[in-house]
Amino acid sequence: MAAAVELEGSRRLIAALDGENEQLKERLETEKRISALLAELTATQKAESDALRSAVKAKNETIDAKDVVIAAQDKLVVALKLKPPSPWRRLGDILIGAAAIAILK
Amino acid sequence: MIKNLTTQTKIYIVIAAGFIALIAGAAAWSNYRIRSLENRVESAKRSADRSQQAAVQKEAEAETHRQKIAYLERLLGETEQLARKQDEKLEKLNSDSRRARGDVDRARRTRAVPAGAVELCEKLADLGHPCTR
């Protein structure tokens, strides 16, 4: 009779261990998924960090390039201020002067 | 006609021609310099535009990564919640196993008591092993 009770108990134990084993497998799969997600998350965070660093670098380059634009425009402004009048206009002025001298003579 | 001109007039013409050439040369040099400066300004503008486009592109890339991170974090949260539930279930199953093992150990330690054949057959039948005769 004790053997029968032991057999019954053993069957219950086997069923419980089977269930536990199944659950452990599922838990292992979940842990693997978590691990994969964490790895992907880390990689994405690194990629984001790299992209932000590149964006900052590009912005600094933009600022530098705009400084160069401003400097070049300043030089252009100075050159335009110093630009002599058109030769045709000067020629006109000379001709007017010559005509005035001729009239006065 | 040139032969009829006096030396003085010729000198005047030469001076005037030289003066005109000087003015034209100065104007040409000035135009060249201004064009060169304008080209430099345009080149610098193009360079600035390129850098700005690169910055915008990198920011868009960073935004995409930010969205992906948010999605992954949400997914991770859900998975961790599932893991917690599985742990709770596992704890319960573990407790069941311990209890079953305890039952088996107890049954093993139990002293064998004499039982009647009928009683034994009934018990075996309950377990799915009925007596054949």
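This passage describes how two chains meet in a predicted model, and then looks at some of their helices.

Residues are numbered from 1 along each chain as its sequence is written, and chains are lettered from A in the order in which they are written. Because the model is predicted, local features need a pLDDT of at least 70 and side-chain atom pairs count only at pLDDT 80 or more, whereas totals for chains, interfaces and linings use all residues.

The model scores ipTM 0.70 and pTM 0.66. Chain B has an average pLDDT (the predictor's confidence in each residue, from 0 to 100) of 88, and 93% of its residues score at least 70.

Turning to the interface, 55 residues of chain A are in contact with 58 residues of chain B, contact meaning that the C-beta atoms of two residues, placed from the backbone, lie within 7 Å. On the chain A side, helix 1 and helix 2 (87-104) each supply at least two of the touching residues; helices here are DSSP runs of H or I with at least four residues, numbered from the N terminus. Helix 1 of chain A gives the largest share, 48 residues. By class, this side of chain A divides into 28 nonpolar, 11 polar and 16 charged residues. In this scheme Ala, Val, Leu, Ile, Met, Phe, Trp, Tyr, Cys and Pro count as nonpolar, Asp, Glu, Lys and Arg as charged, and the others, Gly among them, as polar.

Helix 1 of chain A (residues 2-82) and helix 1 of chain B (residues 7-109) have axes that come within 4 Å and cross at roughly 170°. The axes are lines fitted to C-alpha atoms over the stretch in contact, with angles running from 0 to 180 degrees between N-to-C directions. The two helices are therefore roughly antiparallel, a label for angles over 145 degrees. Their contact comprises 41 nonpolar, 18 polar and 29 charged residues.

Helix 2 of chain A has 18 residues and reaches 25 Å from its first C-alpha to its last, close to the 26 Å expected at 1.5 Å a residue, the expected span being 1.5 Å times one less than the number of residues. This helix lies largely in the open, because the number of its residues that are buried is 0. A residue is buried if 20 or more other C-beta atoms, placed from the backbone, lie within 10 Å of its own, exposed if 12 or fewer, and partly exposed in between.

Chain B contains 2 helices and 0 strands, strands being DSSP runs of E with at least two residues. Of its 133 residues, 7% are buried. A117(B), in helix 2 (residues 117-126) of chain B, is exposed, with 8 other C-beta atoms within 10 Å.

How values were computed: Angles under 35 degrees count as roughly parallel, over 145 as roughly antiparallel, 65 to 115 as roughly perpendicular and the rest as oblique.
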